[in-house]
Amino acid sequence: MTETILYSAPGTCGRVSAIVLEEAGVPFETRVIRFLKGEHKSPAFKEKNPKGKVPALEIDGAVLTENVAIIRYLAARFPEKALLPKTSTLAEDAEITADLCFCSATLHPLVTRIRMPQFFAGPENASVVKKMGCDAMREYFQLVEDRLAEGPWWYGDAWSAMDAYLYWVFWRVEGADFPVKDYPRFYDHARRMEQRPSVQRALEREDRMTAQLESEGLAFTPPRVST
Ligand SMILES: N[C@@H](CCC(=O)N[C@@H](CS)C(=O)NCC(=O)O)C(=O)O
């Protein structure tokens with residue numbers, strides 16, 4: 001295998017791919033993208049990912065983007081690691097894609113509204129955007145909460161990459177004062193995730209990226225917005 005490089009930034013959804021790579025046992029380098037310098041929109045990075053977003057994963061001589069695609073690739077490339085459940089019909093397979101898309105296309109956009117509402121409506125309207133994001137997110141947190149009654153993981157007894165995605169969503173809004181304790185099973189899921197060595201290693205990678213950004217004066221913490 002050629003060198004594997006994950007382009008990411010601390011706190012971002014690049015964490016999802018990092019956890020899944022760790023679970024797969026793939027040796028990889030994490031390369032930090034400096035958002036405050038606009039590095040994600042630079043021509044050099046756009047050669048990797050024309051969308052100008054993290055994560056981007058260089059693996060097996062290709063550059064993969066989008067967490068859903070990266071997860072599906074890793075699950076197919078390392079079947080022995082059981083990163084996603086085995087399926088026997090096209091419909092079962094489509095259901096897994098739907099689950100992952102629920103994270104990327106339904107939950108993630110709400111995370112951004114809750115975490116960085118000022119990007120959508122300016123600082124003066126940020127609290128309205130955040131409140132609307134939180135109100136919408138409640139329905140989906142309840143869906144996850146109900147699903148985890150069959151747990152302990154999204155797919156029952158078997159941990160999967162879907163749990164990594166849910167964890168990142170949870171952690172992101174927990175840090176933005178979303179009332180996560182109203183969802184005790186999801187809360188417990190996050191704390192169990194943090195016990196996994198793969199998650200701890202992914203978080204250590206982020207700590208190293210944060211230290212690097214701090215040393216360059218390029219660390220970013222979104223301002224707190226009340227609702
Ligand atoms: N659908 C993409 C979303 C990627 C994404 O939005 N990444 C954010 C960080 S969490 C980003 O790079 N934002 C920078 C920007 O949009 O300018 C995925 O799942 O990989």
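A residue counts as near the ligand if one of its heavy atoms lies within 4 Å of it. In this predicted model, that shell consists of Thr-12, Cys-13, Phe-35, His-40, Lys-41, Lys-53, Val-54, Pro-55, Glu-66, Asn-67, His-108 and Tyr-165. By class, five of these residues are nonpolar, four are polar and three are charged.

Polar contacts to ligand oxygen atoms involve both side chains and backbone. Lys-53 places a polar side-chain atom 2.5 Å from an oxygen atom of the ligand. For Tyr-165, an N or O atom of the side chain is 3.2 Å from a ligand oxygen atom. Asn-67 contributes through its backbone instead: an N or O atom there lies 3.1 Å from an oxygen atom of the ligand. On its own, the ligand has 510 Å² of accessible area, and the protein covers 79% of this.

The structure also contains one cavity of 30 Å³ or more. The volume of the largest cavity is about 40 Å³. Its lining is made up of Leu-6, Ser-8, Ala-9, Gly-14, Arg-15, Ala-18, Thr-30, Ala-202, Arg-205, Glu-206 and Met-209. Strand S1 (5-8), helix H1 (14-24) and helix H9 (197-215) are the elements that each supply two or more of the lining residues. Helix H9 provides the largest share, with four residues. The lining comprises five nonpolar, three polar and three charged residues.

How values were computed:
Residues are numbered from 1 along each chain as its sequence is written. This is a predicted model: local features need pLDDT of at least 70, side-chain atom pairs count only at pLDDT 80 or more; totals for chains, interfaces and linings use all residues. Side-chain values use heavy atoms; hydrogens and water are left out. On a 1 Å grid over the protein atoms alone, a cavity is a set of points where a 1.4 Å probe fits but cannot get out, and a pocket is an open set with protein on both sides within 12 Å along at least five of seven lines; lining residues have an atom within 4 Å of a point. Grid points are joined across faces, edges and corners, and a volume is the space filled by probe spheres set on the points. Ala, Val, Leu, Ile, Met, Phe, Trp, Tyr, Cys and Pro count as nonpolar, Asp, Glu, Lys and Arg as charged, and the others, Gly among them, as polar. A polar contact is a pair of N or O atoms within 3.5 Å; within protein, one must be able to donate a hydrogen and the other to accept it, and residues adjacent in sequence count only if both atoms are side-chain atoms. Accessible areas come from the Shrake-Rupley method with a 1.4 Å probe; for residues, only the protein chains shown count as cover.
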